[in-house]
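Please look over the model below before reading the points that follow. They go from the whole chain to one residue.

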Amino acid sequence: MLSLFKPAAHRPRVSDQIIDPLYRRLRRQLFIGIFFGYAAYYLVRKNFTLAMPHLVEQGFSKGDLGMALSGVSLAYGISKFVMGSVSDRSNARLFLPTGLFLAGAVMLFMGLVPWATSSIAIMYVLLFICGWFQGMGWPACGRVMVHWWSHKERGPVVSVWNCAHNVGGGIPPLLAMLGMAWIGDWHSKLYLPALAAMAMSLVAWLMVRDTPQSCGLPPVEEYKNDFPDGYQGQNTERELTTREILVKYVLPNKLLWYIALANVFIYLLRYGILDWSPTYLKEVKHFTLEKSSWTYFLYEYAGIPGTLLCGWMSDKVFKRNRGATGVFFMVLVTLATVVYWMNPPGNPGVDMLCMLVIGFLIYGPVMLIGLHALELAPKKAAGTAAGFTGLFGYLGGSMAASAIIGYTVDSFGWDGGFIIMVGGCILAILLLCLTMFSEKSPCEFSTTAAE
């Protein structure tokens, strides 16, 4: 795989006169490529949850479907870490669209072949494979951002890019309504997003480039005259081995461990609400398909202004202390979750408002974890650092949201599921407090960060 995706070769340096206009043009092009390329991953990340109410009607239990859905989280968590390490030594232009195309192909198969949804075991295996390919998305985008935007620019760039989660995640419920209206087949909730994702993989390949040096440009640190502590010119631009990345920059870094553990509980809430809202709103709040789809959409798209506000507050209000910003947002999202849980049936406006508020608040901490991981490692180790936090988020939080909450609801009702999610929020706040008080220089990576 490394030979297939090896980093693009350096091209001869372009003349000084065209460095600035070429850099500006390519950065605009690249941002569009990684934004919409990563958004397309979310077309096939959780669209299976929209099909789950139909599968419940066919006799599958919520716990069993949650177990099948956990295959995505298990595979994605492991893959994000493994592929993060591979991506640090790979060509992002090939890495990003390949994973997207293959993930879409698996979901297309699930939608078009009835056998693919005939048993929990088959669905688990296919969702696992789909999740593995999806692990190629975030690390490739992270590699692009740390190579094309300098240290001081990165906060706003990551904040805006992180909205790709919401842009992509909000489209499947709209495609679901379209498919049910035009085709009348619930399988369209699987294959329509898949076709869109596969088409977007071509767009990503056309737009994305690997490193500035592969386009004949100088490193971004030289271009912006923004050299972080520990930057050593050509030595910093050297590709690192997996052992160097893990032993020197990832495993000894206590702040990276704090945010990785916090990510478990942030993802527990994020996906606990997202995965189960179609079923919860239908069973408990008596929402129609159309109303629950719009609520799902609101949850995702409310995250766009919420993420941007979180990024701005993190830089301007909390002086780039990512932990303190995360605590602020997680306290508010915990309160909103309790209101969503306690609101009795018959008040759909309150439920929709709560979903909107939770979506507005939860994606800020999600973004901060990824941004902080990029800041806590040199750019040649950024994919592995981000993959490390993702490993915890998906293996712990997202899997728990899929499987544990599903079986808990089967055994103890929806109250049991919400107790787990609210408890996770409290644990996330405590871990982010540790991060907040440990951040001596929260936005600066140096060679001592891993010591």
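How many helices and how many strands are there in the protein chain?

1. The model is predicted. Its protein chain holds 18 helices and zero strands. With a radius of gyration of 21 Å, close to the 22 Å that the globule rule gives for 451 residues, the chain is as compact as a globular protein of that length. The C-alpha trace spans about 65 × 45 × 35 Å along its principal axes.

2. On burial and contacts: 62% of the 451 residues count as buried. If one takes the contacts between residues at least 6 apart in sequence, 85% of them join residues at least 24 apart.

3. On the surface and charges: the accessible surface of the protein chain is about 16300 Å², and carbon and sulfur atoms account for 69% of that. The chain carries 34 positive and 27 negative charges, and the mean positions of these two sets are 5 Å apart.

4. One residue may serve as a local example. Phe48 belongs to helix H2, which covers residues 48–57. Is Phe48 buried or exposed? Its relative accessible area is 1%, and buried means under 20%, so Phe48 is buried.

5. Which residues does Phe48 touch, not counting those up to four places away in sequence? The contacts are Leu55, Leu65, Leu69, Met110, Met123, Leu127 and Leu190.

6. A distance to check in the viewer is that from Phe48 to Asp315: their C-alpha atoms are separated by 36 Å. Along the chain these two residues are 267 residues apart.

Key: Residues are numbered from 1 along each chain as its sequence is written. This is a predicted model: local features need pLDDT of at least 70, side-chain atom pairs count only at pLDDT 80 or more; totals for chains, interfaces and linings use all residues. Side-chain values use heavy atoms; hydrogens and water are left out. Helices (H or I, at least four residues) and strands (E, at least two) are DSSP runs, numbered from the N terminus. The radius of gyration is taken over C-alpha atoms; the globule rule is 2.2 Å times the number of residues to the power 0.38. Buried means under 20% relative accessible area, exposed over 50%, partly exposed in between (1.4 Å probe, protein chains only). Contact means heavy atoms within 4.5 Å. Accessible areas come from the Shrake-Rupley method with a 1.4 Å probe; for residues, only the protein chains shown count as cover. Lys and Arg count as positive and Asp and Glu as negative; His and the chain ends are not counted. The place of a charge is taken as NZ of Lys, CZ of Arg, CG of Asp or CD of Glu.
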